[in-house]
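Subject: Structure handover

Hello,

Here is the structure I promised to pass on. My notes follow it.

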Amino acid sequence: MQLFKYIDRINLLDKLIRQRKTGTQSELASRLGISVSRLARIIEHLKDLGAPVAFDRSNSTYYYENDYSIQIKVDIQQLNLNQMKHISAGNYFGQTNFLNAFFVH
């Protein structure tokens, strides 16, 4: 699934930046399996979100100018009936509301 691949890339990018082991733009893009232009867009987006990302030309690596970390986590869980009642448009909502709304005479 593309979403999980993207999350893995961002997590790896964050790890390499924190360790100051990204290498050049082309090396990092190759390692992440993306184009250099795509990497540049991702870095710019991170900066727009407030990430203090900079590039050290002497060491050929990206780094964070101060303590920073990106953490993207996906947690997949089975919901019980009580939890589903509190989710808009969840399975429970559709079973109880839409069927009643459409078939009431």
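**Overall layout**

Among contacts between residues at least 6 apart in sequence, 49% join residues at least 24 apart. Keep in mind that this is a predicted model. The protein has 105 residues, and 27% of them count as buried. It contains five helices and two strands. Along the sequence they follow the pattern α-α-α-β-β-α-α.

**Helix packing**

I went through three helix pairs.

- α1 and α2: the axes are 10 Å apart and the angle is about 140°. The two helices are therefore oblique to each other, since the angle falls short of the roughly antiparallel class, which is over 145 degrees. The crossing of α1 past α2 is right-handed. From α1, Arg 9, Leu 12, Leu 13 and Leu 16 meet Leu 28, Arg 31 and Leu 32 of α2.
- α1 and α3: these axes come within 13 Å and cross at roughly 75°. That makes α1 roughly perpendicular to α3. On the α1 side the contact uses Tyr 6, Ile 10, Leu 13 and Ile 17; on the α3 side it uses Arg 38, Leu 39, Ile 42, Ile 43 and Leu 46.
- α2 and α3: here the axes are 9 Å apart, at an angle of about 95°. This pair is therefore roughly perpendicular as well. Gln 25, Ser 26, Leu 28, Ala 29 and Leu 32 of α2 make the contact with Val 36, Leu 39 and Ala 40 of α3.

**The core**

Which residues touch the most other members of the largest nonpolar core? They are Leu 13, Ile 17, Leu 28, Leu 39, Ile 43 and Val 53, out of 17 residues in that core. At least two residues each come from α1 (2-19), α2 (25-32), α3 (36-48) and β2 (61-64). In soluble globular proteins, nonpolar side chains tend to be buried together.

Several of these names appear in the helix contacts too. Leu 13 of α1 meets α2, and Leu 13 is also part of the contact with α3. Leu 28 of α2 takes part in the contact with α1 and in the contact with α3.

Ile 17 deserves a look. Beyond four places in sequence, Ile 17 touches Thr 22, Ile 43, Val 53, Tyr 62, Tyr 63 and Tyr 64.

**The loop between α1 and α2**

Two residues in this loop caught my eye: Lys 21 and Thr 22. Is each one buried or exposed? Lys 21 is exposed, because its relative accessible area of 54% is over the 50% cut-off. Thr 22 is buried, because its 3% is under the 20% cut-off.

Lys 21 and Thr 61 are 40 residues apart along the chain, yet their C-alpha atoms are separated by 6.0 Å. Leaving out residues up to four places away, Lys 21 touches Leu 16, Arg 31 and Thr 61.

Thr 22 reaches Thr 61 as well: their side chains make a polar contact at 3.0 Å. A polar atom of the Thr 22 side chain also lies 2.8 Å from the backbone nitrogen of Tyr 62. Outside the four-place window, Thr 22 is in contact with Leu 16, Ile 17, Glu 27, Leu 28, Ser 60, Thr 61 and Tyr 62. Two of those, Ile 17 and Leu 28, are among the core residues named above.

Best wishes

Note on methods
Residues numbered from 1 in each chain as written. Predicted model: local features only at pLDDT ≥ 70, side-chain atom pairs only at ≥ 80, totals over all residues. Heavy atoms only, no water. Helix = DSSP H or I, 4+ residues; strand = E, 2+ residues; numbered from the N terminus. Buried < 20%, exposed > 50% of the residue type's maximum accessible area, 1.4 Å probe, protein only. Contact = heavy atoms within 4.5 Å. Polar contact = N/O pair within 3.5 Å; in protein donor to acceptor, adjacent residues only side chain to side chain. Core = buried A, V, L, I, M, F, W, Y, C linked by side-chain atoms within 4.5 Å. Axes fitted to C-alpha atoms, helices over the stretch in contact; angles between N-to-C directions. Parallel < 35°, antiparallel > 145°, perpendicular 65-115°, else oblique. Left-handed = near helix turned anticlockwise from the far one by under 90°.
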